[in-house]
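Please look over the chain below before reading the notes, which are arranged by topic. They cover the nonpolar cores, the pockets and a few individual residues and strands.

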Amino acid sequence: MRRILVVGGGYAGFYTAWKLEKRLRRDEAEIVVIDPRPYMTYQPFLPEVAAGSIEARHAAISLRSHLKRARLIHAAVTRIDHASKTVSVLPQDGEPFELGYDIIVVTAGAVTRTFPIPGITENAIGMKHVEEAVAIRDRLLDAFDRASVLPPGPERSRLLTVAFVGGGFSGVEGFGETSRWRPRC
Ligand SMILES: Cc1cc2nc3c(=O)[nH]c(=O)nc-3n(C[C@H](O)[C@H](O)[C@H](O)COP(=O)(O)OP(=O)(O)OC[C@H]3O[C@@H](n4cnc5c(N)ncnc54)[C@H](O)[C@@H]3O)c2cc1C
């Protein structure tokens, strides 16, 4: 039977596998989804998670609950060899292994770019994953708590100042969502 291999169970990968499950007969193809995360991250909700407007679980869609037929492998693909139609798979536990495919769908997404901006890598938090949105929320709440006992001055100001690097969709929506806290500071 043909094997359709989906690399990355994020937005594009999840929907690809979901639609294939609906359109293909069981004996037509095996669908395999490989992702180190057991859930699809609904990234449009991450600014709301960062602002504490919704809970983290609302931005995570379980692959196992929604993909009934696909074989799910929780691992990272580290290499794709189109010549031999094989991928190298690195599971969280256990030994790396190779897996063949007939058709491959590469939907491994994107990473937050940090450019050579001093301090960004060490201090900033991206907004592509649920864990990052939760980390932003926790850091903000922690800063607010610490500022609440300080008199006006540079340290309090520093704790109550939030900088978004990048004014694209994530930056603007993140700014807008977290601004709801501003009047309380
Ligand atoms: C804050 C924010 C808000 C957004 N709001 C909107 C919006 O309102 N409307 C809109 O249309 N779009 C929005 N987007 C954009 C949209 O979310 C993305 O375009 C979409 O998620 C991209 O889908 P994708 O499948 O390419 O990547 P992702 O959804 O990022 O999925 C990639 C998947 O690949 C997995 N992966 C990564 N490396 C590997 C590997 N080596 N092996 C196996 N798996 C791997 C990851 O774990 C992940 O699950 C937003 C994005 C962000 C960050």
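What follows is a briefing on a predicted model.

The description begins with the nonpolar interior, where the largest core has 15 residues and a second, separate core has 13. It then turns to two pockets, with volumes of about 1,200 Å³ for the largest and about 560 Å³ for the second largest, before closing on local detail.

**Nonpolar cores**

- In the largest nonpolar core, which has 15 residues, those with the most contacts inside the core are Ile-4, Val-33, Leu-63, Leu-67, Ala-70 and Leu-72; the elements that give two or more residues to this core are β1 (2–7), α1 (11–23) and β2 (29–34).
- Ala-70, when its neighbours within four places in sequence are set aside, is in contact with Glu-21, Ile-31 and Val-33.
- A second core, separate from the largest and made of 13 residues, includes Tyr-39, Ala-59, Met-127 and Val-130.
- As a general background to such groupings, nonpolar side chains in soluble globular proteins tend to be buried together.

**The largest pocket**

- The largest pocket, with a volume of about 1,200 Å³, is lined by 34 residues, of which Ala-124, Ile-125, Ala-163, Phe-164 and Val-165 are the closest to its centre.
- Two or more lining residues come from each of α4, α5 (130–147), α6 (154–159) and α7 (169–178), and α5 gives the largest share of the lining, with 6 residues.
- Sorted by class, the lining of the largest pocket has 17 nonpolar, 11 polar and 6 charged residues.
- Helix α7 also has buried residues, namely Gly-171, Glu-173, Gly-174 and Thr-178, and the buried residues of α7 pack against α2 (46–50) and α5.

**The second largest pocket and Thr-107**

- The second largest pocket has a volume of about 560 Å³, and of the 25 residues that line this pocket, the closest to its centre are Gly-10, Asp-35, Thr-107, Ala-108 and Gly-109.
- The elements that give two or more residues to the lining of the second largest pocket are α1, β3 (39–41) and β6 (75–81), and by class this lining has 14 nonpolar, 8 polar and 3 charged residues.
- Thr-107 is found in the loop between β9 (103–106) and α4 (120–123), and Thr-107 counts as buried because its relative accessibility is 17%, where buried means under 20%.
- Beyond its neighbours within four places in sequence, Thr-107 is in contact with Val-6, Val-7, Gly-8, Ala-12 and Gly-13.

**Strand pairing and Asp-81**

- Strand β7 (residues 86–91) pairs with strand β8 (residues 97–100) in the antiparallel sense over 4 bridges, and the bridge partner of Ser-88 in β8 is Glu-98.
- The hairpin of β7 and β8 has 5 residues between the strands, and in this hairpin Gly-94 takes a positive phi near 95 degrees.
- Asp-81 is found in strand β6 and counts as partly exposed because its relative accessibility is 21%, given that the partly exposed class lies between the limits of 20% and 50%.
- Although Asp-81 and Gly-100 are 19 residues apart along the chain, their C-alpha atoms are separated by 9.4 Å; Asp-81 itself touches Thr-86 and Tyr-101, not counting residues up to four places away in sequence.

Methods. Residues numbered from 1 in each chain as written. Predicted model: local features only at pLDDT ≥ 70, side-chain atom pairs only at ≥ 80, totals over all residues. Heavy atoms only, no water. Buried < 20%, exposed > 50% of the residue type's maximum accessible area, 1.4 Å probe, protein only. Contact = heavy atoms within 4.5 Å. Core = buried A, V, L, I, M, F, W, Y, C linked by side-chain atoms within 4.5 Å. 1 Å grid on protein atoms, 1.4 Å probe; cavity = no way out; pocket = protein on both sides within 12 Å on 5 of 7 lines; lining within 4 Å. Points joined across faces, edges and corners; volume = space filled by probe spheres on them. Nonpolar A, V, L, I, M, F, W, Y, C, P; charged D, E, K, R; others polar. Pairing = 2+ DSSP bridges.
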